[in-house]
Amino acid sequence: MGSSSEEEAVAPAIPPLGPNERFHLFVSYSSVDATWTHGLISCLEANHTGLRVCLHERDFTPGRNVLENMAECIHQSQKVLLVLSQDFVQSRWCLLEADLSLFGYCLERKPVIPVLLRPCQVPLHLSHLTYLEATDSSFYSKVAQLLCTPSHRLAYSLPGRHPAPALYSGKALLTVNCINKTSLPSWKVGAFSTLSVPDPLREVLQDPEVYKHAVGILNGAKSPRSCLRYLGCRVPLGIFLILVSMALFTFSCILAATQGHRFLPVTICLLLSLLLLILAVNILCWFRRFSRKKMRELVLRVGEANQLLAPHSVLMGCEALNQLSFVFVRLEDCRQAFLSAPEGEALFQEALLRFSCAYACCLVQAHFPHCGDATAARSHLQPGLCFCQYVSVQLEGTGD
């Protein structure tokens with residue numbers, strides 16, 4: 001991230017600050033990328049005398065709301081630099097999206113310089129911009145040039161090597177965590193906020209009631225009320241029953257040795273010890289059985305929600321009790337394939353109910369079940385399997 005002495009000697013001057021400006025550059029980044037970002041800023045400040053950079057840890061007003069601090073500092077800066085990585089997308093950008101109305105006005109009127117530090121899913125609201133790659137050999141000189149370019153000349157001239165991907169069928173939009181995920185017990189089914197539509201979904205899902213209804217279907221899943229949900233209850237009870245079964249087995253052996261002619265009491269003791277042992281194992285394995293049962297219920301609930309979302313080219317996937325994924329996928333061609341069969345619409349809705357959750361997870365992971373080359377060639381989705389083909393592969397695997 002250094003520049004040559006020749007570049008520093010001819011480096012153009014930083015534009016002066018305006019009447020309402022305090023900073024030349026506002027930098028937003030994930031804490032995971034702090035070391036790299038601080039190194040870049042230190043180098044810029046050393047080579048450009050008078051450069052004022054806003055960093056949240058040193059320039060935010062203590063005691064104020066983080067979003068308000070962001071909005072004010074962006075408003076008081078000439079330019080905005082975003083250090084993009086998957087950690088940024090999952091933490092810092094999510095914070096920005098939490099109240100787009102608060103800082104969106106400022107952000108739309110400031111030149112934004114996206115820097116791709118590590119490959120990631122670029123946020124949808126930045127997909128129209130091109131970005132700088134941190135691995136580019138001329139990266140530093142490009143950043144310095146942008147800083148020294150007046151904002152009014154920079155608005156439509158951000159350099160970059162590759163444009164961020166546009167919206168396309170099969171694109172993963174976002175992952176949503178449940179409320180209070182970090183403090184949620186492992187046995188408890190997460191609840192998801194329906195207060196507002198997440199910003200990446202607003203591009204494709206204009207009706208907030210559809211999102212609210214779809215997520216509300218998942219929020220209807222109930223957590224267990226059994227005392228077995230507590231590990232501190234399951235383990236002692238399971239151990240107690242194992243000890244009792246062992247005691248009964250020992251007693252039956254002693255009884256058989258001393259009074260072998262009494263067959264019935266010995267048999268009853270052996271059966272009771274076996275039943276208690278089976279009960280103990282079931283109690284100790286309760287959480288695993290509960291997780292499987294609850295996931296089957298959630299898959300069907302997600303399928304029901306996808307029946308609402310599919311007309312808007314959105315599908316929801318669920319791989320855990322406390323996390324949802326949303327993908328953009330056009331299903332009209334697949335629906336037409338179903339409609340060619342008798343009662344096609346009913347079959348399509350049934351397929352959404354049973355298979356759409358797992359299909360959305362495949363899209364998120366970009367991994368599909370194996371199928372023949374001839375089947376893949378006829379796909380409505382390239383690359384990968386379209387929904388109707390995925391359903392066909394699943395039905396062949398189950399023999400339905």
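**Note on the predicted model**

1. Cys-318 is found in strand β8. The model discussed here is a predicted one. With a relative accessibility of 5%, Cys-318 counts as buried, because the limit for that class is under 20%. Its C-alpha lies 7.2 Å from that of Val-302, a residue 16 positions away in sequence.

2. The loop between α13 (286-309) and β8 (314-320) contains Ser-313. This residue is not a glycine, although its phi is positive, at about 60 degrees. Ser-313 counts as buried, at 18% relative accessibility.

3. A positive phi is also found at Glu-343, where the value is near 55 degrees in a residue other than glycine. Glu-343 sits in the loop between α14 (332-339) and α15. Is Glu-343 buried or exposed? Its relative accessible area is 67%, and Glu-343 is therefore exposed, the cut-off being over 50%.

4. Helix α15 covers residues 344-365 and has a kink of about 60 degrees, centred on Phe-355. Phe-355 is itself among the buried residues of the helix, a list that also includes Gly-344, Phe-348, Ala-351, Leu-352 and Tyr-359. Three cysteines are in that list as well, namely Cys-357, Cys-361 and Cys-362. Just after α15, Ala-366 adopts a positive phi of about 55 degrees.

5. Helix α15 is joined to α14 by a side-chain contact. Arg-335 and Glu-345 form a salt bridge, with an N to O distance of 2.9 Å. The pair links distant parts of the chain, since Arg-335 belongs to helix α14 and Glu-345 to helix α15, ten residues apart. Both partners are partly exposed: Arg-335 has a relative accessible area of 27%, and Glu-345 is at 30% relative accessibility.

6. How many salt bridges does the model contain? The count comes to seven. One of them joins the side chains of Glu-45 and Arg-58, at 3.0 Å from N to O. Glu-45 lies in helix α2 (residues 34-47) and Arg-58 in helix α3 (residues 56-59), so the contact ties together parts that are 13 residues apart in sequence. Glu-45 is partly exposed at 29% relative accessibility, and Arg-58 is likewise partly exposed, at 44%. Together with Asp-59, these two residues are linked in a network of salt bridges.

7. A further salt bridge is made by the side chains of Arg-301 and Glu-297, with 3.1 Å between N and O. Here both residues lie in helix α13, four residues apart, which is about one turn of the helix. Arg-301 counts as partly exposed at 22% relative accessibility, and Glu-297 is partly exposed with a relative accessible area of 26%.

8. On the surface, Ile-268, Leu-272, Leu-274, Leu-275, Leu-277, Ile-278 and Val-281 make a nonpolar patch of about 610 Å². Leu-274, one of these residues, lies in helix α12 (residues 263-284). Its relative accessible area is 48%, so Leu-274 counts as partly exposed. Leu-274 can nevertheless belong to the patch because membership requires over 30% relative accessible area.

9. The interior holds one cavity of 30 Å³ or more. The largest cavity has about 40 Å³ of space. Which residues lie nearest the centre of the largest cavity? They are Val-329, Arg-330, Cys-334, Leu-381 and Cys-386, out of ten residues that line it.

Note on methods:
Residues are numbered from 1 along each chain as its sequence is written. This is a predicted model: local features need pLDDT of at least 70, side-chain atom pairs count only at pLDDT 80 or more; totals for chains, interfaces and linings use all residues. Side-chain values use heavy atoms; hydrogens and water are left out. Patches are made of residues with over 30% relative accessible area and no salt bridge: like charges are joined within 9 Å, nonpolar side chains (Val, Leu, Ile, Met, Phe, Trp, Tyr) within 5 Å. Accessible areas come from the Shrake-Rupley method with a 1.4 Å probe; for residues, only the protein chains shown count as cover. A salt bridge is a side-chain nitrogen of Lys or Arg within 4 Å of a carboxyl oxygen of Asp or Glu. Helices (H or I, at least four residues) and strands (E, at least two) are DSSP runs, numbered from the N terminus. Buried means under 20% relative accessible area, exposed over 50%, partly exposed in between (1.4 Å probe, protein chains only). The bend at a residue is the angle between axes fitted to the seven residues ending there and the seven starting there. On a 1 Å grid over the protein atoms alone, a cavity is a set of points where a 1.4 Å probe fits but cannot get out, and a pocket is an open set with protein on both sides within 12 Å along at least five of seven lines; lining residues have an atom within 4 Å of a point. Grid points are joined across faces, edges and corners, and a volume is the space filled by probe spheres set on the points.
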